Amino acid sequence: MPTIDKSGEKRNLPTNNYFWPLKRYLDMYKKSLDDPEGFWGEQAKLLDWDKPWDKVLDWKPPYARWFVGGRLNVSTQCVDRHAKTWRKNKVAIYWEGETGDTRTLSYADLYHEVNRFAFALKKLGVKKGDRIVIYLPMIPELTIAMLACARLGAIHCVVFSGFSAQAIADRVNDSNAKVIITANGGYRRGKILPLKEIVDEAVKLSPGIEKVLVVKYTGHEAAFDAKTDVWLSDLMDGAGIHVEPESMEATDPLFILYTSGTTGKPKGILHGTAGYLLYAAKTLQWAFNPKDDSIWWCTADAGWITGHSYVVYAPLALGLTSVIYEGAPDFPAIDRWWHIIEKYGVTIFYTSPTAIRMFMRNGEDWLAKHDLSSLQVLGSVGEAINPEAWEWYYKFVGAENCPIVDTWWQTETGGFMISPCVGIQSYPLKPGSATLPMPGVDPVVLDADGKENCPNTTGFIAIRKPWPGMLLDVYGNPDIYQKTYWSRFPGFYAPGDYSMKDDDGYWWLLGRADEVIKVSGHRISTAELEHAVVGHTAVAEAAATSKPDEVKGEAIVLFVILRKGQTPSVELKKELVKHLRTAIGTVATPEEVLFVDKLPKTRSGKIMRRVLKAVAAGASIGDVTTLDDQTSVAEALQAYEDLKAAAAKSLHHKE
Ligand code: WT7
């Protein structure tokens, strides 16, 4: 199990924030656990209901259904209700493209656009319950398309625009989607991403696709097949002002978002309507304390859960003003983000440790060129933030004036689970700790046998009670849902992270306890990588692991056994890298490919992951006595030495 770096000191919250008496948070937290139905029923007043619920929580483990009998529409909550108040002229989105193009959408504009988009989808025959894959760059149409689906009750499934044709097709086929929404292209580091071309490839692998709806964004020509393809603008002809929103059951699904687990195939995480929306909105309020004059910027792409919850649904449900930026953080120069913060006067900034470390490596001079004094609160997500990056973020970005809100959560949880909450509590912070659970969240640390650990002992985090943002299911696969989250510790939701609670009750989240790698905060499973590599004709067997990386957190290392007759070469490594990028996407780019002729295995043929990891990281093997399957320590050590020697012989290739 990992060790903890507690080098950071306790910090009091900077004074520009509100000081809440500790008792206030403790009372609220206690109420949320003692009487979850009363507590969440009270919180649910944040939303405008078409029909109130009959029951706050129906908990039939492992399924929790919130606000049963209640009805509302998510697009109405995020748009219509603000467009009816003084907020109609308030900016909902300041958008900036990578090329410097900008668009500003008020809540009235957004209302108009969502309705026009919904009109277009309706013309295509999209209706309640249909699954729609969205493959768009970070342009306003991404937010608009998601809300338009929600308006009609269609279930969107956003695929990050860095994913490959194969990855799109896998998601289309698993979700049985009939329509893909894309753009002709997008911009990334000055180049055009040929999104439509990638979708065309995906369509060839997706027999169920009937229509491809294309947003015209970049200037370049894209192939067009009149049978399937249709321009969004053509479908909007005759669009009126209003498309009637579908009044949804609170427990109806809102979206599917695929994420990697321990199997070779990503899982479709299914999220619901009212519970999800309420949880995303309340957690944003509690954690970041936004006000009506706040300028909120969450840098995540809407292709990930952070973008779903905190670029699209929560900020809009709260009627906030958000900044959305399309492109790369370092384009055309490393200060692009600081430029944006200064330009729009961003007050709350939420990003990832990997981005912070990238900026840190490039030095503070880039920051000094910009006035960042508008910033009030800073956030972090995706992986544990190392105390060094925390201190840098605190000192140089926040000028020692902004608390760092380190939010621990997952695709499956829908919203923050453990996080400082500048809106409801004023606990001192500890760099590297996500601090305390959110109201309604009841975590424990368990040992391998499921017994509760004493403080300061590392174990597995498990959650005792359901919360409104909890996933509904794994789409089309209840067995996987049950097995992945509810079987490791019966009666508890198992997130799959190592963690520790210290003497002060602060939580330290210590990384994945399963075969999931986090590259720049993005989840990718070793099984998925292995499955993709063995799909290459030259490969007989493969094992994936990771090694620590200064910026990305972890980098992928592959051990590959070639088929008979294949010779290791630098070219072949390059080809395998390319193969992985095509099979999965750029997220899957390995840092190293090592050709070996044997993989370390236990007697029953399971790969010794710990041996792989040690060799990949150039570390010693450490304690191998708990290797399962009765493999002797001597055998494990021998396997380690063999693999180390083979790896050293293998040609090193870096991209
Ligand atoms: C996994 C979830 C949550 C949205 C982005 C990633 C790790 C995430 C933290 C944090 C320590 C963190 C965990 C978790 N993680 N945030 N603040 N401190 N670890 O979502 O792809 O579903 O990944 O990311 O390991 O299980 P995801």
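**Notes on the ligand site, sheets and backbone oddities**

1. Starting with the ligand: the shell of residues around the ligand splits into 6 nonpolar, 5 polar and 6 charged. Keep in mind while reading that this is a predicted model. There are 17 residues around the ligand, and those that come nearest are Asp406, Thr407, Thr411, Lys518 and Arg523. Two elements worth picking out on screen are helix 10 (305–317) and strand 25 (507–512), as each supplies at least two residues of this shell.

2. Now for the polar contacts to the ligand. The side chain of Arg512 has an N or O atom 2.8 Å from an oxygen atom of the ligand. Gln410 also uses its side chain, with an N or O atom 2.9 Å from a ligand oxygen. With Ala384 it's the backbone: a polar atom there sits 3.4 Å from a nitrogen atom of the ligand. As for cover, the ligand taken alone would expose 550 Å², and the protein buries 95% of that.

3. Next, the seven-stranded sheet. Its 7 strands run in the order 5-4-17-16-18-19-20, and the sheet is open with mixed pairing. At the edges you'll find strand 5 (102–106) and strand 20 (404–406), each of them paired on one side only. From one strand to the next, the twist averages 20°.

4. Let's zoom in on the strand 20 end. Strand 19 (residues 377–380) and strand 20 run parallel and are joined by 3 bridges. If you want one pair to look at, take Leu378, whose bridge partner in strand 20 is Ile404. Helix 9 (residues 274–288) packs on this sheet, where it touches strand 16 (295–298), strand 18 (348–351), strand 19 and strand 20. The direction of helix 9 makes about 125° with that of strand 19.

5. There's a four-stranded sheet to look at too. This one is open and antiparallel, with its 4 strands in the order 21-22-24-25. Strand 21 (443–446) and strand 25 are at the edges with a single partner strand each, so one side of each has no neighbour in the sheet. The twist here averages 45° from one strand to the next. Strand 25 is also one of the elements that supply at least two residues of the ligand shell. In the middle of the order, 2 bridges join strand 22 (residues 459–463) to strand 24 (residues 497–501), and the two run antiparallel. Gly459 has Ser499 of strand 24 standing opposite.

6. Over to the first two helices. Helix 1 (residues 22–34) and helix 2 (residues 36–43) have axes that come within 5 Å and cross at roughly 115°. On the helix 1 side the contact is made by Met28, Lys31, Ser32, Leu33 and Asp34, and helix 2 brings Pro36, Gly38 and Phe39. By type, the residues of this contact are 4 nonpolar, 2 polar and 2 charged.

7. Finally, some backbone geometry to check. Most peptide bonds are trans, and most residues other than glycine have a negative phi. Against that background, the bond joining Pro61 and Pro62 is cis, with omega about 0°. Pro62 lies in the loop between strand 1 (55–60) and strand 2 (63–68). Another cis bond runs from Phe331 to Pro332, with omega near 0°, and Pro332 is placed in the loop between strand 17 (321–325) and helix 11 (336–344). Arg189 isn't a glycine, yet has a positive phi of about 50°. You'll find Arg189 in the loop between strand 9 (186–188) and strand 10 (191–193).

Notes
Residues numbered from 1 in each chain as written. Predicted model: local features only at pLDDT ≥ 70, side-chain atom pairs only at ≥ 80, totals over all residues. Heavy atoms only, no water. Pairing = 2+ DSSP bridges. Axes fitted to C-alpha atoms, helices over the stretch in contact; angles between N-to-C directions. Contact = heavy atoms within 4.5 Å. Near = heavy atom within 4 Å. Polar contact = N/O pair within 3.5 Å; in protein donor to acceptor, adjacent residues only side chain to side chain. Areas by Shrake-Rupley, 256 points an atom, 1.4 Å probe, with all protein chains shown as cover. Nonpolar A, V, L, I, M, F, W, Y, C, P; charged D, E, K, R; others polar.
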